[in-house]
Amino acid sequence: MGIKNAVVKRFKNICKERNIKANELAVVSGVTPSSVYSMFDDSRHNISIVLIKKLCDGLDISLADFFNSDEFNQLEQEIE
């Protein structure tokens, strides 16, 4: 799994745990719903750290807490 998929998986897991839908995540984070849906789109390959920070702020979690999870601890090297 690459970093983009790990980020998406982490956000989806947090939303599921908190029973939050993508639109609600956008609203509490002060971003457009299209930004969240775009992040979830498999054809998109990059996510900005600014968007990740805004979503974390909306979920009231730090970047350290966000990235401190199994999804990121088990990442393979991106350089091939």
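This report describes the fold, the cysteines and several loop and helix residues of a predicted model.

**Overall architecture**

The protein contains six helices and zero strands, and its order along the sequence reads α-α-α-α-α-α. The radius of gyration is 12 Å, close to the 12 Å that the globule rule gives for 80 residues, so the protein is as compact as a globular protein of that length. The C-alpha trace extends over about 35 × 25 × 20 Å along the principal axes.

Among the contacts with a separation of 6 or more, 66% link residues that lie 24 or more positions apart. Buried residues make up 34% of the 80 residues of the protein. The accessible surface amounts to about 5,300 Å², and carbon and sulfur atoms contribute 49% of this area. As to charge, the protein carries 10 positive and 12 negative charges, and the mean positions of these two sets are 6 Å apart.

**Cysteines**

How many disulfides does the structure hold? The number is zero. For C15, the closest cysteine sulfur is that of C56, and the distance of 11 Å is too far for a bond. A disulfide would require the two sulfur atoms to be within 2.5 Å. C56 is likewise in no disulfide, its nearest cysteine sulfur being that of C15 at 11 Å.

Are these cysteines buried or exposed? C15 is buried, with a relative accessible area of 6%. C56 is also buried, with a relative accessible area of 1%. Both values fall under the 20% limit that defines a buried residue.

**Loop residues**

Three loop residues, N19, G30 and D60, are set out below with their locations and relative accessible areas.

| Residue | Location | Relative accessible area |
|---|---|---|
| N19 | loop between α1 (3-18) and α2 (22-29) | 64%, exposed |
| G30 | loop between α2 and α3 (33-40) | 64%, exposed |
| D60 | loop between α4 and α5 (63-67) | 69%, exposed |

The backbone of N19 has a positive phi, near 55°, in a residue other than glycine. This residue sits in the loop between α1 and α2, where N19 is exposed. D60 also has a positive phi, of about 60°, although D60 is not a glycine. The loop that holds D60 joins α4 to α5, and D60 is exposed, with a relative accessible area of 69%.

G30 belongs to the loop between α2 and α3 and is exposed. In sequence, G30 and L51 are 21 residues apart, and their C-alpha atoms are 10.0 Å apart in space.

**K54 and its contacts**

K54 is part of helix α4, which covers residues 49-59. With a relative accessible area of 38%, K54 is partly exposed. Which residues does K54 contact, leaving aside its neighbours within four places in sequence? The partners are S29 and V31. S29 is 25 residues from K54 in sequence, yet the C-alpha atoms of the two residues are 5.6 Å apart. Helix α2 spans residues 22-29, and K54 in helix α4 is in contact with S29.

**Summary**

In this predicted model, the protein has six helices and zero strands. The structure holds zero disulfides, with C15 buried and C56 buried. The loop residues N19, G30 and D60 are exposed, whereas K54 is partly exposed.

Notes
Residues are numbered from 1 along each chain as its sequence is written. This is a predicted model: local features need pLDDT of at least 70, side-chain atom pairs count only at pLDDT 80 or more; totals for chains, interfaces and linings use all residues. Side-chain values use heavy atoms; hydrogens and water are left out. Buried means under 20% relative accessible area, exposed over 50%, partly exposed in between (1.4 Å probe, protein chains only). Helices (H or I, at least four residues) and strands (E, at least two) are DSSP runs, numbered from the N terminus. The radius of gyration is taken over C-alpha atoms; the globule rule is 2.2 Å times the number of residues to the power 0.38. Contact means heavy atoms within 4.5 Å. Accessible areas come from the Shrake-Rupley method with a 1.4 Å probe; for residues, only the protein chains shown count as cover. Lys and Arg count as positive and Asp and Glu as negative; His and the chain ends are not counted. The place of a charge is taken as NZ of Lys, CZ of Arg, CG of Asp or CD of Glu.
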